[in-house]
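Here is a short briefing to read alongside the structure. Keep the viewer open and pick out the residues as they come up.

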Amino acid sequence: MPNRYKLTQSYFLNSDVVSLAKQLLGCYIHTEINGNYCSGIITETEAYAGKNDKACHAHLGRFTERTKVMYEIGGIAYVYLCYGIHHLFNIVTNTAGNADAILIRAAEPTEGVEHMLERRNKLKLTPQLTAGPGNFSKAFGITKQHNGLTVTEHQIWLSQGTSITEKDIVKTTRIGIDYAEEDALLPWRFYLKENKFVSKKSLS
DNA sequence: TAGGTGATCTTG
DNA sequence: AAGATCACCTAT
């Protein structure tokens, strides 16, 4: 694996979840699960801004068995089951009590593609192998059993990537949150403009 | 474009 | 205790 700087917990304590969601683009994500090492470049993220965001599971301080890890200190995983099938991977950010999180929606594979293909039951590397939050998590081997684990040590960790500038980033609305009324219009989904490993290109 | 899928949450 | 909901994906 390339020698890169691992992102430490302090990186995830940023109180500006929207700007951090952008900064994660271009960073590497690594997993080593059941001995299978994989890595990829993060290409698509969404920001969820805690209690004041109608699209966030922690909106209005909702505190349940499922959402409780969102209130912990930044730098841990929030993984939950969506539509009965998909394990969606989020990184909790900010200091404890804020419940901010960033959904990782897609990545471009760099290492361990054979493990991704096997987990996804595919033969060829195509964008849909790792684009879309359910596909991404499955390819990288992330499941609900990683809920609450740090993303700065073993099993799941991130490292610095190439620097990305504003002009490389598309900002658009988040997906699948029509119930969030006016917050559904916030441009809090970010992806790398020239990258094919993205779940859904915005119109225009 | 519709249907599968099942944990989670809300309501009665 | 039951029904609605859901940060999605795949194949017709």
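The notes below cover the two DNA strands and the largest pocket.

This is a predicted model, so please read every distance as computed from it. DNA strand B is surrounded by eight named residues, given below, while 21 residues surround DNA strand C. The largest pocket holds about 440 Å³ of space.

**Around DNA strand B**

- The residues surrounding DNA strand B are Arg62, Thr64, Arg66, Leu81, Tyr83, Gly84, Ile85 and Lys144.
- Of the atoms of DNA strand B that come within 4 Å of the protein, 72% belong to sugar and phosphate.
- Two backbone contacts go to bases: a backbone N or O atom of Tyr83 lies 2.8 Å from a base oxygen of DNA strand B, and a polar backbone atom of Gly84 is 3.1 Å from a base nitrogen of that strand.
- Lys144 uses its side chain instead, with an N or O atom there 3.1 Å from a phosphate oxygen of DNA strand B.
- By class, the surface near DNA strand B is made up of three nonpolar, two polar and three charged residues.

**Around DNA strand C**

- The closest of the 21 residues around DNA strand C are Asn90, Arg120, Gly134, Gly176 and Tyr179.
- Sugar and phosphate make up 61% of the atoms of DNA strand C that come within 4 Å of the protein.
- Phosphate oxygens of DNA strand C have backbone partners: an N or O atom of the Gly132 backbone lies 3.4 Å from one, and a backbone N or O atom of Pro133 lies 3.3 Å from one.
- Tyr179 reaches a phosphate oxygen of DNA strand C with a polar side-chain atom, at 2.6 Å.
- Strand S3 (77-82), strand S4 (86-93), strand S5 (100-111) and helix H3 (133-140) each give at least two residues to the surface near DNA strand C.
- That surface near DNA strand C counts 12 nonpolar, seven polar and two charged residues.

**The largest pocket**

- Which residues lie nearest the centre of the largest pocket? They are Tyr80, Cys82, Leu88, Ile175 and Gly176, from a lining of 23 residues.
- Strand S2 (36-49), S3, S4, S5 and H3 each contribute two or more residues to the lining of the largest pocket.
- The lining of the largest pocket divides into 15 nonpolar, five polar and three charged residues.
- Gly176 is worth finding in the viewer: this residue is among the closest to DNA strand C and also among those nearest the centre of the largest pocket.

Terms used. Residues numbered from 1 in each chain as written. Chains lettered and ligands numbered in written order. Predicted model: local features only at pLDDT ≥ 70, side-chain atom pairs only at ≥ 80, totals over all residues. Heavy atoms only, no water. Near = heavy atom within 4 Å. Polar contact = N/O pair within 3.5 Å; in protein donor to acceptor, adjacent residues only side chain to side chain. Nonpolar A, V, L, I, M, F, W, Y, C, P; charged D, E, K, R; others polar. Helix = DSSP H or I, 4+ residues; strand = E, 2+ residues; numbered from the N terminus. 1 Å grid on protein atoms, 1.4 Å probe; cavity = no way out; pocket = protein on both sides within 12 Å on 5 of 7 lines; lining within 4 Å. Points joined across faces, edges and corners; volume = space filled by probe spheres on them.
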